[in-house]
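I opened this entry to look up sheets, helices on sheets, enclosed spaces and one glutamine. The model is a predicted one, and I kept that in mind throughout.

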Amino acid sequence: MSERARPTHHCAELRRAHAGERVVLTGWVDRVRDLGGLLFLDLGDYRGTTQVVVRPGTDAARVAKRVGAWWVLAIEGQVLAREPETVNPAVETGEIELEAEVVRVLSEARTPPFPPTATADVAEELRLRYRYLELRNPRLQRNLRIRGRLASEIRAHLDGHGFLEVETPFLTRSTPEGARDYLVPSRVHRGRFYALPQSPQLFKQLLMIGGVDRYYQIARCFRDEDLRADRQPEFTQVDIEMSFADPELVIEITEGLFRRALGAVGIEVRPPFPRFTHAEAMDRYGVDRPDLRYGAAITDLTELARNSGHRILDSILDGGGALRGIAAPGCAGFSRKRLDELQKVAVAAGAGGLFRAAFRDGAVRSPLARMLGPDRLFRLLEAAGGASGDLLLLVAGEPRTASVALGALRRRLATSEGWIGKDDFRMAWVTDFPLFDWSETESRLTSVHHPFTSPHPEDLHLLEDEPLRARSLAYDVIANGYEMGGGSIRIHDRRTQQRIFDALRVPPEEARERFGFFLEALEYGTPPHGGIALGFDRIAMLAAGARSLREVIAFPKTTSATDLMTGSPGSVRTSQLDEVGVALAGRRRRASGAD
């Protein structure tokens, strides 16, 4: 065997057709079995494992006798076909084994703090502390291969449609809008700061002004915000922008991207995806990222319930409120305890209360039965798409509030009652988002997406007098109840951009300070343009069937934005702070580390 120990095959490659060949395999020892005479090693790499048999009394045996788990070996030998009774159908290489003739130890190993290939019962803190060991787990190896394949297919799709991959800066200026920036002090310009980008938004629009008519980037972005399972402080997005685009073109390109990328990892999606306006999504599903893998959509039952004789219900409806409901399939037999749990879910989501009616064997059981009567309750059930055996859940109140509460109930029941198929993957678009929202804490309008989103042409007249009624040319792509990405047609003229800043109460001097370079660029001939940013980590998470983003990121942060493996964020020396002109508030001038 050469000193380089170059493998001839990987550890999941050999088959019965290779029997009789001399090969070299390299990898980790996953398991050692000493049967007294014969010694068996399971040798693995990131693709799989091969069983190695070592005969007693050989030079290979003298080396292999001292080998332990997770040692790194190079093994040269002959491929043997297994006898039928010894075939292992559970592994790809189960029809062969490698008879070792030369065993060379490339690296010894300490006993790891947990078995890397069996981490299900290991605390996440320990796994993240030794993430390089957990990465040997076949599940994570599979997830990273899926992630890599998705990236390759996305690039191929966009390259094939004439897009140019362009890198944009990491060190830019702070233009806070939404989440907090990560700030980087400048050593050369003391007292001045860069910001890490939350998005390449302005740069990709400047590329359109610069004549790069179709741009993309698989971009690293940073947001200093509270974390949860589907958020990380540093994340990757597929950033796309194109000139002379309308929403239809962006949607067409994006649907083709998902079809190709997901299809490459075994998930079939079929464009065109269903579309809902933001108003429709909120009315029918109570959320702007509807999960279409199950039914029980929300139905407006207001007119069927009018003049019911029920004092509270009639008062709500006469006052402009609505009655909305869902038919929960197979839930008519719920216990009082289960019904009380649903009541708590609805109230927590904003409802004043929850009406219910259970339908079984042609009869209805409901506190509403005396006032509304069985016939009317059956009509309400039919209108909601229900049948015998179902539980009708009703919320009366302000229409949007009623839908949000029922949406929360719908999602809770889908999980608890097993409405979601294991391999279901359903995508959709939500369009026509509101342009503005109202911030109670700031007492002003805020942008629902960002301030460079184009208003809907039909609603330009609303910007000054009724801005909250104005829609935008914005769209989100949804999968299984997750937002996979969002985009919009952008503002391409200075006057409209100024109207948006005026509505947001951004003073002219602040606009010049934060966005002056961009506003000036708009005056040099800006083509109409639009695009979308897709959450690549989230796409990989759903494609891999993972439970959180941490399962598809090689070196993730915890929910407190720390890296347990490297110990970041860490302290720095006072001399480093002095170089960039930064002092720690409330502390004496002393070393933050070991200065």
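Entry 1, second largest cavity. I began with its lining and sorted the residues by class: 6 are nonpolar, 3 polar and 1 charged. The lining consists of Thr 168, Pro 169, Phe 170, Pro 197, Ser 199, Pro 200, Gln 217, Ala 219, Arg 220 and Cys 221. I noted a volume of about 40 Å³ for this cavity.

Entry 2, largest cavity. I then asked how many cavities of 30 Å³ or more the structure holds. The count is 2. The largest cavity holds about 40 Å³ of space. Around the largest cavity I listed Leu 128, Arg 131, Phe 555, Pro 556, Thr 558, Thr 562, Asp 563, Leu 564 and Met 565. By class, that lining has 5 nonpolar, 2 polar and 2 charged residues.

Entry 3, second largest pocket. I noted about 750 Å³ of space in the second largest pocket. Its lining has 20 residues, and those nearest the centre are Tyr 182, Leu 183, Pro 185, Pro 569 and Gly 570. I asked which elements each supply at least two residues of this lining. They are strand S7 (183-185) and helix H16 (574-579). Strand S7 gives the most, with 3 residues. The class split for the pocket is 14 nonpolar, 4 polar and 2 charged.

Entry 4, the sheet of 8 strands. I traced an open sheet of 8 strands in the order S6-S9-S10-S22-S21-S20-S17-S11, with mixed pairing. At its edges I found strand S6 (164-165) and strand S11 (275-277), each of which pairs on one side only. I looked up how S6 meets its partner: S6 and strand S9 (residues 214-222) pair in the parallel sense over 2 bridges. Within this pair, Leu 164 stands opposite Tyr 215 in S9.

Entry 5, helices on that sheet. I checked which strands helix H6 (residues 247-264) lies across. They are S9, strand S10 (234-243), S11, strand S17 (427-431), strand S20 (474-479), strand S21 (482-489) and strand S22 (529-535). Helix H6 runs at about 30° to S22. Helix H7 (residues 278-285) lies across S11 and S17, and I noted an angle of about 95° between H7 and S11.

Entry 6, the sheet of 5 strands. I wrote down an open sheet of 5 strands, in the order S12-S13-S16-S14-S15, with antiparallel pairing. Its edge strands are strand S12 (299-300) and strand S15 (363-365), each pairing on one side only. I then followed one pair: strand S14 (residues 355-360) and strand S16 (residues 391-397) run antiparallel and are joined by 4 bridges. Arg 356 stands opposite Leu 393 in S16.

Entry 7, Gln 205. I located Gln 205 in helix H5 (residues 201-209). Is Gln 205 buried or exposed? Gln 205 counts as buried because its relative accessibility is 0%, and the cut-off for buried is under 20%. I also listed what Gln 205 touches, leaving out residues up to four places away in sequence: Glu 241, Phe 452, Arg 490, Ile 491, Phe 518 and His 529. Of these contacts, Glu 241 falls in strand S10 (234-243), and His 529 falls in strand S22 (529-535). I closed the notebook here.

Note on methods: Residues numbered from 1 in each chain as written. Predicted model: local features only at pLDDT ≥ 70, side-chain atom pairs only at ≥ 80, totals over all residues. Heavy atoms only, no water. Pairing = 2+ DSSP bridges. 1 Å grid on protein atoms, 1.4 Å probe; cavity = no way out; pocket = protein on both sides within 12 Å on 5 of 7 lines; lining within 4 Å. Points joined across faces, edges and corners; volume = space filled by probe spheres on them. Nonpolar A, V, L, I, M, F, W, Y, C, P; charged D, E, K, R; others polar. Contact = heavy atoms within 4.5 Å. Axes fitted to C-alpha atoms, helices over the stretch in contact; angles between N-to-C directions. Buried < 20%, exposed > 50% of the residue type's maximum accessible area, 1.4 Å probe, protein only.
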